[in-house]
Amino acid sequence: FWTNLAPTNKGGGTPPNGELAKAINQDFGSLDKFIETFSAKTTAIQGSGWGWLGYNKANHRLEIATCDNQDP
């Protein structure tokens, strides 16, 4: 999954850099830990659903959100 988000010539399959990489490392400990956490939360969705990585302005950190059954 993680290698097919974009073609390799468009940055797919390469780790994030800059501010996003810094925030991932700060909020999850490492890119590998983020992937592990994101995968665990999103594969736990039964049936259809969504998983997002977003920035919580109130907490000043990245957060993973999930939504079951294609809820908007």
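Start with the whole chain on screen: of its 72 residues, 15% count as buried. Keep in mind as you look around that this is a predicted model.

**The overall view**

Turn on a cartoon view and you should find 2 helices and 2 strands. Follow the chain along the sequence and the pattern reads α-α-β-β. The C-alpha trace spans about 35 × 35 × 20 Å along its principal axes. If you like to think in contacts, take those between residues at least 6 apart in sequence: 26% of them join residues at least 24 apart.

**Stop one: the hairpin**

Select residues 49-56, which make up strand β1, and then residues 61-68, which make up strand β2. The two strands pair in the antiparallel sense, over 8 bridges. Want to check the register by eye? Pick glycine 49 and look across to aspartate 68 in β2, which stands opposite.

Now click glycine 51, also in strand β1. Which residue stands opposite glycine 51 in β2? That is threonine 66. Draw a distance between the C-alpha atoms of glycine 51 and threonine 66 and you get 4.4 Å, although the two are 15 residues apart along the chain. Glycine 51 is partly exposed, with a relative accessible area of 31%. Show what surrounds glycine 51 and, leaving out residues up to four places away in sequence, you will see that it touches Phe38, Thr42, Ala65 and Thr66.

**Stop two: the turn between the strands**

Slide along to the loop between β1 and β2 and select histidine 60. The hairpin has 4 residues between its strands. What is there to notice about the phi of histidine 60? The angle is near 55 degrees, a positive value in a residue other than glycine. For background, most residues other than glycine have a negative phi. Switch on a surface and histidine 60 counts as exposed, at 56% relative accessibility.

**Stop three: the nonpolar core**

Next, select Ile24, Phe28, Phe34, Phe38, Leu62 and Ile64 together and show their side chains. These 6 residues form the largest nonpolar core. Colour by element and you can see where they come from: α1 (18-28), α2 (31-43) and β2 each give two or more residues to this core. As a general point, nonpolar side chains in soluble globular proteins tend to be buried together. You have already met one of these residues, since Phe38 is among the contacts of glycine 51.

**Stop four: aspartate 27 and arginine 61**

Move to helix α1 and click aspartate 27. Is this residue buried or exposed? Aspartate 27 is buried, yet it has no salt bridge. The nearest side chain of opposite charge belongs to arginine 61, 4.1 Å away. The cut-off for a salt bridge is within 4 Å, from a side-chain nitrogen of Lys or Arg to a carboxyl oxygen of Asp or Glu.

So what does the side chain of aspartate 27 reach? Look for the backbone nitrogen of leucine 62, at 2.7 Å. Setting aside neighbours within four places in sequence, aspartate 27 is in contact with Arg61 and Leu62.

Now put arginine 61 at the centre of the view; you will find it in strand β2. Arginine 61 is partly exposed, with a relative accessible area of 34%. Beyond residues up to four places away in sequence, arginine 61 touches Asp27, Gly54, Tyr55 and Asn56. Try one more distance here: the C-alpha atoms of arginine 61 and glutamine 26 are separated by 8.5 Å, with their positions 35 residues apart along the chain.

**Last stop: the salt bridge**

How many salt bridges does the structure hold? There is 1. To find it, select lysine 33 and glutamate 36, whose side chains meet at 3.5 Å, N to O. In general, side chains of opposite charge can pair when their charged atoms come close. Both lysine 33 and glutamate 36 lie in helix α2, 3 residues apart, which is about one turn of the helix. Bring the surface back before you leave: lysine 33 counts as partly exposed, at 38% relative accessibility.

Note on methods
Residues are numbered from 1 along each chain as its sequence is written. This is a predicted model: local features need pLDDT of at least 70, side-chain atom pairs count only at pLDDT 80 or more; totals for chains, interfaces and linings use all residues. Side-chain values use heavy atoms; hydrogens and water are left out. Two strands pair if DSSP finds at least two bridges between them. A nonpolar core is a set of buried Ala, Val, Leu, Ile, Met, Phe, Trp, Tyr and Cys residues joined through side-chain atoms within 4.5 Å. Buried means under 20% relative accessible area, exposed over 50%, partly exposed in between (1.4 Å probe, protein chains only). Contact means heavy atoms within 4.5 Å. Lys and Arg count as positive and Asp and Glu as negative; His and the chain ends are not counted. A polar contact is a pair of N or O atoms within 3.5 Å; within protein, one must be able to donate a hydrogen and the other to accept it, and residues adjacent in sequence count only if both atoms are side-chain atoms.
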